[in-house]
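The following exercises ask the reader to examine the packing of one structure. Each task is followed by a worked solution.

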Amino acid sequence: MRILVVPIVRQGWHARRRWLSGAMVLAIVVSAAGWGLSGGALGDEKAARAGGAGVEAKGRAVGYLRDVRPILAQHCFQCHGPDEATRKGKIRLDLKDEALARRSGKPAIAPGDLKGSLAWERINADDEDERMPPKGKAEPLTPGQVATLRSWIEQGARWEDHWSFQPPRKPPIPAVTDKRWVRDPLDAFVLSRLEREHLKPEAEASREAWLRRVSFDLNGLPPTPAELDAFLKDRRADAYETQVDRLLKSPRYGERQAQEWLDLARYADTSGYQLDIHREIWKWREWVVNACNANMPFDRFAVEQLAGDLLPNATLAQKVATGFNRNHPTNSEAGEEEDEYRSAYVIDRVNTTATAFMGLTLACAQCHDHKYDPFTQRDYYSFYAFFNNIKERDNDFVLPRSTMPVPSPDQAPRLADLKARINALKSRLERDDSLMDRAQREWERAALARLGPPVEWTTPPLAGLLSRGGSQLKPLPDGSILSTGPAPVKDTYDIMVLPGKKRITAMRLEVLPDDSMSQKALGRASDGRFVLSAIEIRNTTVSESQEPPLVYIARAEADINQKPREDFIPFDMIPGPIESAIVVEPVGSPGSGGGSFGWSIIDDERKRPHEAIFLPLEPLETNEASVLRVSLHQASPMKFKSLIGRFRITYTQDDRIRERMLPAQPKLWSSIGPFPAPDVASAYKTAFEPEKDINDEPLDLKKSYTKVVLPPPNQPGAAKPASDKKPVKKETPPPDKGTGEAKKDARPAGEGQVAKDKDAKPAKPGPEAKKDAKPEAKPEAAKTEAKEPARSAPAKPRPEKITWAEQRVWRDGAPAQLGGANVAYYLTRKVVSTRPRTATVQIAGPAGFRMWINGELAQTSAPPPPAASARGAAGPAVAPKAAKAGDDKDEPPLPEIDDETLDGMKGRGRGMPEKSFRIGLRQG
């Protein structure tokens, strides 16, 4: 439906049509109703104010909306209206069907039959207790009001819906007395009303006043002096139309017309709640302005804003139009309840859509049936259901951001070109390649032949089930376990099984979809998700009285490894790898590991079965008294139920799975250190005591060593900075032969950290640190102080003994960090390989290291030279200042500090160069 906009200005209006929508729709229809579009809905206000006296005497029909409904609303609706809580006698007079329904032999209103109308009978009852309205409930009816109701019933009690629920119809042009005043059909409606009120039209506005009014109406701005002068000089017959055309073509026209709509659509550049931070949604405002300037039909204007993204082959502009639904206030409070505010956003959309597009106060029906309009609370929530199918969370602790990028006009061609090239490359990749297909089939046959028959998995008998959070675990005939009953937000499942006398090489956890779960998925959350925060496996016996240690998991793999969505937004569903659920210490203890986000699966994969395999460091040897306890911790910090719905635990005794999944037989890393040094170069060049023990025999991991104690600076035996190009100690070359197990990595570690050696005293601030300090004494006083006896040297600290330590927290494929400043560590690990293969070692950080394999030096990396100073590249990093009067000559310059971080195995430091190399391992 299109609504013709007619500015209320009186002078030379032309026939050009321009369409508006939304806020102006209601205003224009209301104005039109006063001119007779509603079939006399407003009627004679004077008669209504007089209580309807003499209505029938004038010989015109009584109108329901104009004459009858005001009487019923004032005197009857309190007891017989829309409010069910106060309704009496189950009689309702505000709805036609209810009023005409027959009750107790008579309807409340019988069209054309006064005696058959219960309402008329009660209005004229002689008994005050029977007469309506009851005394004390409402004012009694006046004689004029009684006469109006009588005429209405006798005339057939014709019911009318509110004019806003009636389809528009073209009324006849009314007859007027002063026909010369009428220049347009609309003028006849205006003049007819004026003549009925015995009023005369105002005199014609001056040209200056007319142009000012029409400029404000169409553009929201006054005319410029040049525009006004041009109009005053234009004496053509179409001068007025020319000005209107000029204003309609101006880009300011769309801005002026969009103003009302933006207010109704609650547009804002900020979020509205709490911090009221900035939001990026001005592209939708731009769309509204452009729609008004393009004279977009109202049906398109409505559809594209409510569901533009659902249109077939929706354009970017149509998707931007749906920003109408995203203008609601969004809460960024950390403690908000997600479901509460998601519902608040839906309610906001319901109320805004009803007000903007329908002109209705539908919000009244959120808590009860509408008091005036024919809407029930059920109607409200039926409308609510249209918007209640979006899973969203409008909360970003930094800045709420748009989820749909919109390129600028300059970026759009480049983006289109990139998309075309990507599609062309995809089509080439997806084409059949006979050579590649043949090679793929040959590779698959060779792989299957090498892998052999499938691994056989066994489901052990259950010894017990326990839920720590309140879930009810139910065993099923296929060996799986179903979580039922109450679903807490967090829970831990303890499963005890009796494996018997076995040699278990690997264990498997299967997560299975079930029809009892939401969306028939894997988890008990409303969207079918689950999060396995940590898994603990313990091998105990029925007679064990203490908590057994955890089974060390050397490797874990899942059949699916997902990545976060490309359009990821904060608090979106994030897939998690199975490795993050592995712990090395009991959950809750320091260094236990097991990320709180753990193993999780997103999207449609939640509706398919999946599995994860766990390989212990050594095969588990069990007997008839053994009990394996598997604890599945589900402690996600998110505010949803993150529990696994159905699962199964199995094991295998097949050694092939370890041979295929483990690159070599795993042993734990051992480390010793730190061995402090005055600077990076010294740490790299010094051969500390453990390094001297590298030989053909196995390294003695039970041997202890004396930790190096650095003497205070400027004391006898103190090492000089490496920047002086004088090594602290002559480099000890590695021996030609050594043990077959040792790998040594000596270098400073711990970016931003300082070695905390209790045996080493911190250096005092040097001259460079005191360059801004004022002398505290005169030169003569300084000479006198220099002749004083030196202070007694501090007592020499006792050397500390350190030993090798087994590092349970270091895992293949995970970062292993060493911290400290200018220190060296020694790391060793024994690797036993069942066949020749290669291994990859990755070390992040620019500090130096040396590595031995079987006692032979395999890799070296010297630390970078110190940074050049003002003296040049060969000079020290910090040039010492000349001594001044008052300076402490005993204070040396600050030693060179170069803090780095050693990330062993696969770890890498942020912004640090990574050294990655492959080493060969022979069988044995």
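**Exercise 1: Helix α11**

Determine which helices the buried residues of α11 pack against.

Solution. The buried residues of α11 pack against α9 (207-219), α10 (225-233) and α12 (251-264), where contact means heavy atoms within 4.5 Å. Buried means under 20% relative accessible area, exposed over 50% and partly exposed in between, with a 1.4 Å probe and protein chains only. In α11 (residues 239-249), Ala-239, Tyr-240, Gln-243, Val-244, Leu-247 and Leu-248 meet the buried criterion. Helices are DSSP runs of H or I with at least four residues, strands are E runs of at least two, and both are numbered from the N terminus.

The model is predicted: local features need pLDDT of at least 70 and side-chain atom pairs count only at pLDDT 80 or more, while totals for chains, interfaces and linings use all residues. Residues are numbered from 1 along each chain as its sequence is written, and side-chain values use heavy atoms, leaving out hydrogens and water.

**Exercise 2: The nonpolar cores**

Identify the residues with the most contacts inside the largest nonpolar core.

Solution. A nonpolar core is a set of buried Ala, Val, Leu, Ile, Met, Phe, Trp, Tyr and Cys residues joined through side-chain atoms within 4.5 Å. The largest has 34 residues, and Met-507, Leu-532, Trp-599, Phe-614, Leu-632 and Phe-647 have the most contacts inside it. Strands that each supply at least two residues of this core include β6 (491-497), β8 (506-511) and β16 (646-652). A second, separate core of 24 residues includes Val-62, Leu-65, Val-68 and Ile-71.
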